[in-house]
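Subject: Structure handover

Hello,

Here is the structure I said I would pass on. Please look through the sequence and the model before reading the notes below them.

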Amino acid sequence: ARAARASRVAAEARFAARSRSASSPRAAIPASVNFIDDHIFGKMAADGIEPAPQSSDAEFLRRVSLDLTGQIPSLARAQQFLASNSATKRADAIDSLINSPAFVDYWTLYFSNRFQVTSAYYQLIGIPGRNLFHNYIRRLISEDRPYNTFVTELITATGDTHRLAPGNFLMRGVQQGDPIQDTWDTLVNEI
């Protein structure tokens, strides 16, 4: 068993050495644009992690469109982007997508699913409350409100859930017939 293990370790070492010598030259860490890049690229450099090659413009547009709006770009948008020679076209595309109605739709859907915006919860929320909560989430996304403000409003909400939207998050978390701790645990897991 010991000889088989030593043989396997030696084979793995030979494979790793061959893979390193056959790989392309080490890619440079991209230029930092913000403090997040500073952290990530610094950690990659410290850990000796080689960055992936930069994506093509077509790959970039498809990926960023799916990530920010859940949609692939239209043919016209793709052609416009690919034809552009602007040095800032990637940043401009991101800004354009974040300011689009598709961004608001996608992230409203995400948070509505995350917070289980529904009218069918123990008959406590109802359709008016559900609609208020959905529109509230949509407004927060479209106004680019900070997430900490969003969460604070949800967990400190008071009042009638048919007139004041944030209370519907707390109402949705009520665990009928269970200890109050179950309600708090459920709410914490949703944020």
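The notes below go from the whole chain to single residues.

Overall picture

Please keep in mind that this is a predicted model. The protein chain has 191 residues, 27% of which count as buried. Its secondary structure consists of 10 helices and 0 strands, so the reading from the N terminus on is simply α-α-α-α-α-α-α-α-α-α. The accessible surface comes to about 12900 Å², and carbon and sulfur atoms account for 57% of that area. Taking the contacts between residues at least 6 apart in sequence, 53% join residues at least 24 apart.

Confidence

The average pLDDT of the protein chain is 81, and 74% of the residues score at least 70. Which elements mark the two ends of the range in mean pLDDT? Helix α1 (residues 2-22) has the lowest value, 60, and helix α3 (residues 57-69) has the highest, 97. Over residues 19-24 the pLDDT stays under 50, and for this stretch the model has 1 contact beyond four places in sequence.

The nonpolar core

In general, nonpolar side chains in soluble globular proteins tend to be buried together. In this model the largest nonpolar core has 22 residues. Within that core, the residues with the most contacts are F115, F133, Y136, I137, F150 and L154. At least two residues of the core come from each of α3, α4 (75-83), α5 (89-98), α6 (101-114), α7 (126-142) and α8 (147-155). The largest share is that of α7, with 5 residues.

Two residues of helix α3

S65 and L66 are worth reading together. S65 is found in helix α3, and so is L66. Is each of them buried or partly exposed? S65 counts as buried because its relative accessibility is 2%, which is under the 20% cut-off. L66 has a relative accessible area of 29% and is therefore partly exposed, a class that runs from 20% to 50%.

Leaving out residues up to four places away in sequence, S65 touches G70, Q71, I72, P73 and L97. With neighbours within four places likewise left aside, L66 is in contact with Q71, I72 and Y106. L66 and F103 are 37 residues apart in sequence, and their C-alpha atoms are 9.9 Å apart in space.

Salt bridges

Side chains of opposite charge can pair when their charged atoms come close. The count for this model comes to 6 salt bridges.

One of them joins the side chains of D47 and K43, at 3.0 Å from N to O. Both residues lie in helix α2, 4 residues apart, which is about one turn of the helix. D47 is partly exposed because its relative accessibility is 43%. K43 is also in that class because its relative accessible area is 48%.

Another salt bridge is formed by D105 and R138, with the closest N and O atoms 2.6 Å apart. This pair links distant parts of the chain, since D105 is in helix α6 and R138 in helix α7, 33 residues apart. D105, at 40% relative accessibility, counts as partly exposed, and R138 is partly exposed as well, with a relative accessible area of 29%.

R145 forms a salt bridge with E153, and here the closest N and O atoms are 2.3 Å apart. R145 is partly exposed at 29% relative accessibility, and E153 is partly exposed with a relative accessible area of 24%. Apart from these pairs, D57, K89 and R90 are joined into one network by salt bridges that share partners.

A nonpolar patch on the surface

Which residues make the nonpolar surface patch? F35, I36 and I40 do, and the patch measures about 330 Å². I40 is placed in helix α2 (residues 35-47). Its relative accessibility is 41%, so I40 counts as partly exposed. Helix α2 therefore holds I40 of this patch and also the salt-bridged residues D47 and K43.

That is what I have on this structure.

Regards

Definitions and conventions: Residues numbered from 1 in each chain as written. Predicted model: local features only at pLDDT ≥ 70, side-chain atom pairs only at ≥ 80, totals over all residues. Heavy atoms only, no water. Patch = residues over 30% accessible without salt bridge, like charges linked within 9 Å, V, L, I, M, F, W, Y side chains within 5 Å. Areas by Shrake-Rupley, 256 points an atom, 1.4 Å probe, with all protein chains shown as cover. Salt bridge = Lys/Arg side-chain N within 4 Å of Asp/Glu carboxyl O. Buried < 20%, exposed > 50% of the residue type's maximum accessible area, 1.4 Å probe, protein only. pLDDT = per-residue confidence, 0-100. Contact = heavy atoms within 4.5 Å. Core = buried A, V, L, I, M, F, W, Y, C linked by side-chain atoms within 4.5 Å.
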